[in-house]
Amino acid sequence: MIKIAVLGYGTVGSGVVEVIARNQAELSGSAGEEIKVKYILDSREFPGDPNEDKIVHDFNIIVEDEEIRVVCEAMGGTGDAYLYTRRALEAGKSVCTSNKELVARHGAELMSVARERQCNYMFEASVGGGIPIIRTLAVALSTERIEAVTGILNGTTNYILSQMESEHADYHEALARAQRLGYAERNPEADVKGHDACRKIAILASLVSGRRVDSEKVYTEGIDGIKPEDFAFASKLGMTIKLLAVSRMSENGRLFCMVAPFLLPLTHPLASVCDVFNGVLVRGNMLGDTMFYGRGAGKLPTASAVAADVADCVRNQNRTIMRGWDSETAELYDIKNIESRFFVRCAEEDRNRVREVFCGEDKTEGFSLEGEYGFFTPVMKEEVFGQKRDMLGEAVKGSLRLMSE
């Protein structure tokens, strides 16, 4: 029998305990040994809870107990979660986590400690909830040269955009619905500003490139600037709008990463990913495109991914299996030099002036809708587009990049 500890008894931590109890036969069959939760670390008391007898308040009890072979970190943040994770790994105990902030910031360091101690630092649940994208990239696609990863990696923002599209809600109304249903936090900034998706694409890009991608250097836009008018024009174009996290590798080894809302043709594989679901499109040099879809968040989907990592750790005791990345920071391609095509909308009375600035002699036509005029620009560098938009000021009512591939 293998005994484990769970750090944090909140949504994810309680989910891990529940999954291990309910799927004990399947988990033990996968791991090759019976798995039992011995400790649950939390600062709170849980009188009457079925697992009340497992609650402890001192991490030293866990790290000093030689029976504990695997620790599930479900605390969140980069404070105690980092300290406890490092101490557990230094003690030779494998750690499984859903903490994308910690993985994005300290993943290379923690995986290095795991290799030194011949244990594992596993983080399948940190990206895509229950979608097995980490394991797929690290193992199933390990012989591929991954050229691009494009994903809808945040269920909250995807739900909000879906509501704006299907229910014709404005941004604030859709956000309020998401908060009432528990899909969005009271302070939704990490989601709606794109920070959550940014950390996740940094993890995937690090795994693919083998070098640390600093999430703070990834160009990031959120969805709080999207208007109903954007969806009205998108519908007329036969397109939709999604917050995409993108990572691409150039032929010379330079890495490009960004998070931003994009216009997608309805034929794009990610266009049909709606509500709280996530989708990840991976392009390999031999395989081509392959797509992964599922619930990107939630108590049990996330806990299921953590439990799968526990089984992997039990099967591979005293052996490091997780392919990680170096601590060397990857050089990111400057977004200002990236070429894109943009859809711009402006007031009807400003159409000639705005088109002239963006399109010059290009004769591509646009169309009018409810007092506004929209059109596609020619392909241009991000820096050039930004300069033109700044020059026009409030004459530009909105703009979106086109994702054509």
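## A walk from strand E1 outwards

Let's begin at strand E1, where Ile2, Ile4 and Val6 point one way while Lys3, Ala5 and Leu7 point the other, and all of them are buried. In a regular strand, side chains alternate between the two faces of the sheet. Please keep in mind that you are looking at a predicted model. E1 spans residues 2–7, and 6 of its 6 residues are buried, so the strand is mostly covered.

What lies on either side of E1 in the sheet? The strand order is E3-E2-E1-E4-E5-E6, which places E1 between E2 and E4. The sheet is open, is built from 6 strands and has parallel pairing. Its edge strands are E3 (55–56) and E6 (121–122), each of which pairs on one side only.

You can follow the pairing residue by residue if you start from Ala5. Towards E2 (residues 35–41), E1 pairs in the parallel sense over 6 bridges, and there the bridge partner of Ala5 is Tyr39. Towards E4 (residues 68–73), E1 again pairs in the parallel sense, here over 5 bridges, and the partner of Ala5 is Val71. From Val71 you can take one more step across the sheet: this residue stands opposite Val95 in E5. E4 and E5 (residues 94–97) are joined by 4 bridges, also in the parallel sense.

Now for what covers these strands. Helix H1 (residues 11–22) lies across E1, E2 and E4 and runs at about 155° to E1. Angles over 145 degrees count as roughly antiparallel, so H1 is roughly antiparallel to E1, given its angle of about 155°.

Just before E4, have a look at Glu67, which sits in the loop between helix H3 (59–63) and E4. Is Glu67 buried or exposed? Its relative accessibility is 39%, so Glu67 counts as partly exposed. Setting aside neighbours within four places in sequence, Glu67 is in contact with Lys3 and Lys38. Lys3 brings us back to E1, where it is one of the buried residues. Glu67 can also be related to a residue far along the chain: Cys313 is 246 residues away in sequence, yet the two C-alpha atoms are 14 Å apart in space.

Next, move to a pair of helices. Two packed helices are described by the angle between their axes and the distance between the axes. Helix H6 (residues 133–140) and helix H10 (residues 195–209) pack at an angle of about 10°, with 10 Å between their axes. That angle makes H6 roughly parallel to H10. On the H6 side, the contact is made by Ile133, Ile134, Leu137 and Ala138, and on the H10 side by Ile203, Leu204, Leu207 and Val208. What kind of residues are these? The contact of H6 with H10 has 8 nonpolar residues, no polar ones and no charged ones.

Finally, a word on cysteines, which a bench biochemist may well want to check. A disulfide is a covalent bond between the sulfur atoms of two cysteines. How many disulfides are there in this model? The count comes to 0. Why is Cys257 not bonded to Cys198? The closest cysteine sulfur to that of Cys257 is in Cys198, at 8.4 Å, which is too far for a bond; a disulfide needs the two sulfurs within 2.5 Å. Cys198 is buried, because its relative accessibility is 5%, and Cys257 is buried too, with a relative accessible area of 5%.

Methods
Residues are numbered from 1 along each chain as its sequence is written. This is a predicted model: local features need pLDDT of at least 70, side-chain atom pairs count only at pLDDT 80 or more; totals for chains, interfaces and linings use all residues. Side-chain values use heavy atoms; hydrogens and water are left out. Buried means under 20% relative accessible area, exposed over 50%, partly exposed in between (1.4 Å probe, protein chains only). Helices (H or I, at least four residues) and strands (E, at least two) are DSSP runs, numbered from the N terminus. Two strands pair if DSSP finds at least two bridges between them. Axes are lines fitted to C-alpha atoms, for helices over the stretch in contact, and angles run from 0 to 180 degrees between N-to-C directions. Angles under 35 degrees count as roughly parallel, over 145 as roughly antiparallel, 65 to 115 as roughly perpendicular and the rest as oblique. Contact means heavy atoms within 4.5 Å. Ala, Val, Leu, Ile, Met, Phe, Trp, Tyr, Cys and Pro count as nonpolar, Asp, Glu, Lys and Arg as charged, and the others, Gly among them, as polar.
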